[in-house]
Amino acid sequence: MKETNMRTLRQAGTAAALVVLCWSGAAAAAETLHVYGPGGPLPAVKEAAAAYGKQAGVTVDVVGGPTPAWIDRAKADGDVIYSGAETMMTDFANALPGVLDPATVTPLYLRPSSILVRPGNPKHIAGFADLLKPGHRVLVVNGSGQGGLWEDMAGRTGRISDVKALRANIVAFAKNSAEAKKAWTDDTSIDAWIIWDIWQVANPTIADAVPVEPEYRIYRDTGVALTAAGEKKPEAKAFAEFLASPSGQAIFERWGWTAPR
């Protein structure tokens, strides 16, 4: 009888241990990756997160938009941070000391500056040079990875007259792209919006895109980095690698980003 009881206890203990192991494995498998970054790359990152999550069997929660909307959450639970420019990634590293690991920063894809115009291009804007002519009302973003973008574009020729001419036509300096989008939709007197071409891809009904001439065109990138917490999670590293993979590249190209070369 005593031997039978001991065997029963051992079997119960083994079963309990298996339950604990199975529960632990399920909990690990169900762990959510937390990804944060700006609004520009958001459509591509979200699609990539869905594809990777389905492939790897993990949940990838992506939150994007103006930095103040998510920075505190990233400090608490961020695993992966993506950016909209190298200057922006540096700002993130400075805002997340001890959280974002600068050694893990990886530039991924570029996109060019572009001119968004009203649907149908009623002002017949053919390129950046037209924005230097008197009479055009221009919207720019002065922050969030686009700080100084309009000046860099106008100054590429080395002519201060181009910078002066564009400055005279700027009617609104938005702090970020989301604010600029609101200004664009609220104030229909604005003729042109200088921003990245990906914004027209993501918002095709509110604007047409006019390519910027090569002599004025500027490129900036999106990149990815791991946090200290993310470095401890194989799934976070694998997601960052997925973004740079052929599958990730195809997704980003669909959203207007250029392939590495």
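Two strands pair if DSSP finds at least two bridges between them. Keep that cut-off at hand for the first exercise, and remember throughout that this is a predicted model.

**Exercise 1. Find the pairing partners of strand β4 (residues 106–117), and decide whether β4 is enclosed or not.**

Step 1. Take β8 (residues 208–211): β4 pairs with this strand in the antiparallel sense over 4 bridges, and the cut-off is at least two. To fix the register, look for I115, which stands opposite V210 in β8.

Step 2. Move on to β7 (residues 192–196), which is also antiparallel to β4, with 5 bridges. Here S113 has W196 as its bridge partner.

Step 3. Now try β9 (residues 219–226). Its pairing with β4 is antiparallel and runs over 6 bridges; R111 stands opposite R220.

Step 4. Check burial, taking under 20% relative accessible area as buried. Of the 12 residues in β4, 9 are buried, so the strand is largely enclosed by the rest of the structure.

**Exercise 2. Describe the largest nonpolar core: which residues touch the most other members, and which helix gives the largest share?**

Step 1. The core holds 60 residues, and those touching the most other members are F128, L166, I194 and F239.

Step 2. Helix α2 (residues 42–56) gives the largest share, 6 residues.

Step 3. Compare with the domain assignment: domain 1 (32–109 + 221–255) and domain 2 (111–219) each supply at least three residues to this core.

Step 4. Zoom in on F128. Leaving aside residues up to four places away in sequence, F128 touches I115, W150, M153, A154, L166, I194, V212, E213 and Y216.

Step 5. Look for a further core. Another one, of 15 residues, lies apart from the largest core, and V63, I81, A85 and F92 are among its members.

**Exercise 3. Work out how helices α9 (residues 234–244) and α10 (residues 246–254) pack.**

Step 1. Recall that two packed helices are described by the angle between their axes and the distance between the axes.

Step 2. For α9 and α10, the angle is about 60° and the axes are 4 Å apart. This makes α9 oblique to α10.

Step 3. List the residues that meet: F242, L243 and A244 from α9, against P246, S247, G248, Q249, I251 and F252 from α10.

**Exercise 4. Is W257 buried or exposed, and which residues does W257 touch?**

Step 1. Locate W257 in the segment after α10.

Step 2. Its relative accessible area is 3%, so W257 is buried.

Step 3. Not counting residues up to four places away in sequence, W257 touches P41, A44, Y109, L110, R111, I198, R220, D221, T222 and F252.

Step 4. Take A44 from that list. W257 and A44 are 213 residues apart in sequence, yet their C-alpha atoms are 9.0 Å apart.

Step 5. Set this beside the protein as a whole: among contacts with a separation of 6 or more, 79% join residues 24 or more positions apart.

**Exercise 5. Look up the backbone phi of H124 and of S144, then find where each residue lies.**

Step 1. H124 is not a glycine, but has a positive phi of about 55°. S144 is not a glycine either, and has a positive phi of about 50°.

Step 2. H124 is in the loop between β4 and β5 (138–141), and S144 is in the loop between β5 and α5 (149–155).

Step 3. With a relative accessible area of 64%, H124 is exposed; S144, at 36%, is partly exposed.

Conventions: Residues are numbered from 1 along each chain as its sequence is written. This is a predicted model: local features need pLDDT of at least 70, side-chain atom pairs count only at pLDDT 80 or more; totals for chains, interfaces and linings use all residues. Side-chain values use heavy atoms; hydrogens and water are left out. A nonpolar core is a set of buried Ala, Val, Leu, Ile, Met, Phe, Trp, Tyr and Cys residues joined through side-chain atoms within 4.5 Å. Buried means under 20% relative accessible area, exposed over 50%, partly exposed in between (1.4 Å probe, protein chains only). Helices (H or I, at least four residues) and strands (E, at least two) are DSSP runs, numbered from the N terminus. Domain bounds come from an automatic or database domain assignment. Contact means heavy atoms within 4.5 Å. Axes are lines fitted to C-alpha atoms, for helices over the stretch in contact, and angles run from 0 to 180 degrees between N-to-C directions. Angles under 35 degrees count as roughly parallel, over 145 as roughly antiparallel, 65 to 115 as roughly perpendicular and the rest as oblique.
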